[in-house]
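Ready to practise reading a protein model? Grab a pencil, keep the viewer open and work through the exercises below.

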Amino acid sequence: MEIRLQKYLADAGVASRRKAEELIAQGKVKVNGEIVTEMGCKIDPKKDEVTYLDQKISTKDTKMVYIMLHKPVGYVTTAKEQFGRPAVMDLVKGVDARIFPVGRLDYDTSGLLLLTNDGDLTYKLTHPKHDVDKTYIAKLYGIPDEGALQKFRRGVVIDGVRTKPAKIRILEKEKDGRFCTAEIIIHEGRNRQVRKMCDAIHHPVAQLKRVATGELKMGDLQKGKFRHLTEKEVKYLKKL
Ligand code: URA
């Protein structure tokens, strides 16, 4: 059966499907010895030989690895960093698989980050149509009143486009009124979305931490540490 080249690369654990498209466009992938750069290419895994950076790849023995990391503030989620800042990949060095982050968290955001070599799952989880709930605990400047909270819940316009409805509830107010702690749940994954939504109601984020993706909770996983997901958790993600 023929499958798209980018899906094959994802299934073989080379990269997420979207990233695989970039690798193809960059001319790093060959099919039967020929560089392929166009996106529509399909291959037959039984007949065709696919290489990435001249290394033969295969989906046969790819063991899928699923990891949850508690990302600290001060790490980037991109693999290579132009400014030489620390990268989350440095925190999962002992893992014997070519894993990559599922989506992203800002440099200044901490919390739950999934990493895997399952490019197909990455593709599904980061695709806008999947709408997985992401739960954050945010320290906000000031204390939003009911009007501001309603505005946030209905969705606010950021970068010219209205966000989908979101949830926000205040968990704690500082006595002097300078800060509060809020639980925020959004479904989309737009760039710096929580920060921009909070800016839009004039209560900017002072600190941001993701504590759950869907029903997967970070629990008491220590900052900078990671753990492998349980079979049950992996099944849950695949079903989403
Ligand atoms: N929203 C943000 O603003 N930043 C993140 O890292 C994640 C969601």
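**Exercise 1. Find which polar backbone atom sits 3.1 Å from a nitrogen atom of the ligand, then look for other polar contacts.**

Step 1. The backbone partner belongs to Val194, at 3.1 Å from a ligand nitrogen. That's a polar contact here (a pair of N or O atoms within 3.5 Å; within protein, one must be able to donate a hydrogen and the other to accept it, and residues adjacent in sequence count only if both atoms are side-chain atoms).

Step 2. Now try side chains: an N or O atom of Asp106 is 2.6 Å from a ligand nitrogen, and a polar atom of Thr109 is 3.0 Å from a ligand oxygen.

Step 3. How much of the ligand does the protein bury? Taken alone, the ligand exposes 240 Å², and 94% of that is buried by the protein (areas by the Shrake-Rupley method with a 1.4 Å probe; for residues, only the protein chains shown count as cover).

Before you go on: this is a predicted model, where local features need pLDDT of at least 70 and side-chain atom pairs pLDDT 80 or more, while totals for chains, interfaces and linings use all residues. Residues are numbered from 1 along each chain as its sequence is written, and side-chain values use heavy atoms, without hydrogens or water.

**Exercise 2. Work out which residues have the most contacts inside the largest nonpolar core.**

Step 1. Know the term: a nonpolar core is a set of buried Ala, Val, Leu, Ile, Met, Phe, Trp, Tyr and Cys residues joined through side-chain atoms within 4.5 Å. Buried means under 20% relative accessible area, exposed over 50%, partly exposed in between (1.4 Å probe, protein chains only).

Step 2. The largest core holds 32 residues, and Leu115, Leu140, Phe152, Ile184 and Val194 have the most contacts inside it.

Step 3. Apart from it lies another core, of 18 residues, including Ile3 and Ile43.

**Exercise 3. Decide whether Cys41 and Thr135 are buried or exposed, and say what they touch.**

Step 1. Cys41 counts as buried because its relative accessibility is 14%. Thr135 is buried too, with 10%.

Step 2. Leaving out residues up to four places away in sequence, Cys41 touches Ile3, Arg4, Leu5 and Val36, where contact means heavy atoms within 4.5 Å.

Step 3. With its neighbours within four places in sequence set aside, Thr135 is in contact with residues including Glu183, Ile185 and Val211.

Step 4. One last distance: the C-alpha atoms of Cys41 and Thr77 are 29 Å apart, with their positions 36 residues apart along the chain.
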